[in-house]
Amino acid sequence: MDLIYMKSKLSNQELLLVNSEVEKNSKSTLVAYLLWWFTGLIGGHRYYFGKTGSAVAMTLIVLLTLGLGSIITGIWMLVDVFHISSWLKADQKEKEQAAIQEILMRRDLQNKSDGYSSLHDDEDVNVKNVPDSEVSSEESK
């Protein structure tokens, strides 16, 4: 579903909740760039973003070549610095979409349970309005 369309279905309070969840759960820009700076040759920033396969490859290139592979991973690291901002945006969008879907799902469940309970409330009212004489005659059948 389109993110803009899903956001249009939310109230202002729900949008504030989404923004709060996104801020709380998104990857940190500072952490990403610090990992890139200090552990970039072995792919530390890639581990942070869940790009485990390429991170392991960077680590193994450096370790198995006894450091000579640092030239390769150094170039790789320089290319990655330009990708980090797009990875951060993608992570933020993913977290936002998950938060919106969670809110919409909870709202749908709440509406369904309210509808279910109102149906049972109506049945209770009907039973209460039946005179005792009719209830006793129905019970004897």
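1. The largest nonpolar core of this predicted model has 9 residues: Leu3, Met6, Leu10, Val18, Val22, Ala99, Ile100, Ile103 and Leu104. Two or more of these residues come from each of helix 1 (3–8), helix 2 (12–25) and helix 6 (70–129). Helix 6 gives the largest share, 4 residues.

2. Leu104, one of the core residues, is a useful place to begin an inspection. Setting aside residues up to four places away in sequence, Leu104 touches Met6, Lys9 and Leu10. Of these partners, Met6 and Leu10 are listed in the core.

3. A second core, separate from the one above, has 8 residues. Among them are Ala32, Phe49, Trp87 and Leu88. Phe49 and Trp87 return below with the aromatic rings, where ring pairs join them with Tyr48 in a cluster.

4. On secondary structure, the protein chain comes to 7 helices and 0 strands. The pattern along the sequence is accordingly written α-α-α-α-α-α-α. Among contacts with a separation of 6 or more, 60% are between residues 24 or more positions apart.

5. Glu14 deserves a separate look. This residue lies in helix 2. Its relative accessible area is 17%, and because the cut-off for buried is under 20%, Glu14 counts as buried. With neighbours within four places in sequence left aside, the contacts of Glu14 are Lys9, Ile103 and Arg107. Ile103 belongs to the largest nonpolar core, and Lys9 is also touched by Leu104.

6. Thr59 can be read in a similar way. It is placed in helix 5 (residues 52–64). Thr59 has 15% relative accessibility, so it falls under the 20% limit and counts as buried. Outside its neighbours within four places in sequence, Thr59 is in contact with Ile42 and Tyr47.

7. There are 3 aromatic pairs in the structure. Trp36 and Trp37 make a tilted pair, with 5.9 Å centre to centre and 50° between the planes. Which of the two classes, buried or exposed, applies to Trp36? Trp36 is buried, at a relative accessible area of 10%. Trp37, in contrast, has 56% relative accessibility; the limit for exposed is over 50%, so Trp37 is classed as exposed.

8. Tyr48, Phe49 and Trp87 are linked into a cluster by ring pairs. Tyr48 has a further partner, since the charged end of Lys27 sits over its ring, 5.1 Å from the ring centre. Phe49 and Trp87 are included in the second core.

9. For the chain as a whole, 24% of the 141 residues count as buried. The exposed surface of the protein chain is about 10,000 Å². Carbon and sulfur atoms supply 61% of that area.

10. On confidence, the average pLDDT of the protein chain is 87, and 82% of the residues score at least 70. The stretch to set apart is residues 135–139, where the pLDDT is below 50. Beyond near neighbours in sequence, that stretch has 1 contact in the model.

Note on methods. Residues are numbered from 1 along each chain as its sequence is written. This is a predicted model: local features need pLDDT of at least 70, side-chain atom pairs count only at pLDDT 80 or more; totals for chains, interfaces and linings use all residues. Side-chain values use heavy atoms; hydrogens and water are left out. pLDDT is the predictor's confidence in each residue, from 0 to 100. Contact means heavy atoms within 4.5 Å. A nonpolar core is a set of buried Ala, Val, Leu, Ile, Met, Phe, Trp, Tyr and Cys residues joined through side-chain atoms within 4.5 Å. Buried means under 20% relative accessible area, exposed over 50%, partly exposed in between (1.4 Å probe, protein chains only). Rings of Phe, Tyr and Trp (its six-membered ring) pair if their centres lie within 6.5 Å; planes under 30 degrees apart count as stacked, over 60 as edge-to-face and the rest as tilted. A charge sits over a ring if NZ of Lys or CZ of Arg is within 6 Å of the ring centre and within 35 degrees of the ring normal. Accessible areas come from the Shrake-Rupley method with a 1.4 Å probe; for residues, only the protein chains shown count as cover.
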